[in-house]
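Me: I am new to reading protein structures and would like a close look at one helix and what lies around it. Could you walk me through it step by step, starting with the words I need?

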Amino acid sequence: MAIEQTLSLIKPDGVARGLIGEVIDRFERKGLKIRAMKMLHLTREQARAFYTVHKERPFYARLVKFMSSGPIVAMILEGENAVQVNRDLMGATDYRQAAPGTIRRDFSRSIEKNLVHGSDGPDTAMTEIAFFFNDLEKV
């Protein structure tokens, strides 16, 4: 098993609804360690830059507006197969298709406001971590 790091975001809906502790608890119960964490409020420009991979998708403008609508919590999670463990904990993007017991199934209220973001692979994780954290902020 490989020790990996991945990026996890608690989106504005999760922060506003007071679910930070619940989400973190689920990560820790699955053996993921928090190596860095901070709360921030993305500008629209920052949200555009982070989600640039989706800029041609019809939901891009709504995603940028939502992700810049309030504070988020950014975390570096570490553990064995952290990328996949995090993705399994989050559940499917469409919360209606997510497995029971996943974060999105239990707490999401819409496809677009689905509470959490996680890197989709180790290479993406490195890029996304670098977007949110500088070397001094990493443990």
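Reply: Happy to! Let us begin with two words: helices and strands here are runs assigned by DSSP, with at least four residues for a helix and at least two for a strand, and they are numbered from the N terminus. Keep in mind that what you see is a predicted model.

With those words in hand, you can find seven helices and four strands in the protein chain. Going along the sequence, their order is β-α-α-β-α-α-β-α-α-β-α. The C-alpha trace spans about 40 × 35 × 25 Å along its principal axes. Is that what a compact globule would give? A better guide is the radius of gyration: for 139 residues a compact globule would have a value near 14 Å, and the protein chain has 14 Å, so the two agree. Of the contacts with a separation of 6 or more, 76% join residues that are 24 or more positions apart.

Now for the close look, at helix H4, which covers residues 60-67. Which of the residues in H4 are buried? They are Tyr-60, Leu-63, Val-64, Phe-66 and Met-67. Around the helix axis these residues cover an arc of only 165 degrees, which means that they sit on the same side of H4. Turn to the other side of H4 and you meet Ala-61 and Lys-65, which are exposed. To see the contrast, remember that buried means under 20% relative accessible area, while exposed means over 50%.

What do the buried residues of H4 pack against? Their partners are two strands, S1 (3-10) and S3 (72-80), and two helices, H1 (12-16) and H3 (44-50). Burial is found well beyond this helix too, as buried residues make up 45% of the 139 residues in the protein chain.

Follow the chain onward from H4 and you come to Ser-68, in the loop between H4 and S3. Ser-68 has a relative accessible area of 13%, so it is buried. Leaving aside residues up to four places away in sequence, Ser-68 touches His-41, Leu-42, Thr-43, Arg-44 and Ala-47. Asn-134, by contrast, is 66 residues from Ser-68 along the chain, and their C-alpha atoms are separated by 21 Å.

Beyond S3 there is another loop to visit, the one between S3 and helix H5 (82-90), where you will find Asn-81. Its phi is positive, about 50 degrees, although Asn-81 is not a glycine. Asn-81 counts as partly exposed because its relative accessibility is 26%.

A second residue with a positive phi is Leu-115, again not a glycine, with a value near 75 degrees. Leu-115 lies in the loop between helix H6 (103-107) and strand S4 (116-118). Here the relative accessible area is 0%, so Leu-115 is buried.

For a last stop, look at Asp-123 in helix H7 (residues 122-132). Asp-123 counts as exposed because its relative accessibility is 63%. Lys-33 is 90 residues away from Asp-123 along the chain, and 19 Å separates their C-alpha atoms.

Finally, step back to the surface and the charges. The protein chain exposes about 7600 Å², and carbon and sulfur atoms supply 51% of that area. There are 21 positive and 18 negative side chains, with the centres of the two sets 7 Å apart.

Note on methods
Residues numbered from 1 in each chain as written. Predicted model: local features only at pLDDT ≥ 70, side-chain atom pairs only at ≥ 80, totals over all residues. Heavy atoms only, no water. Rg over C-alpha atoms; globule rule 2.2 N^0.38 Å. Buried < 20%, exposed > 50% of the residue type's maximum accessible area, 1.4 Å probe, protein only. Contact = heavy atoms within 4.5 Å. Areas by Shrake-Rupley, 256 points an atom, 1.4 Å probe, with all protein chains shown as cover. Lys, Arg positive; Asp, Glu negative; His and termini not counted. Charge placed at Lys NZ, Arg CZ, Asp CG, Glu CD. Arc of directions from axis to C-beta.
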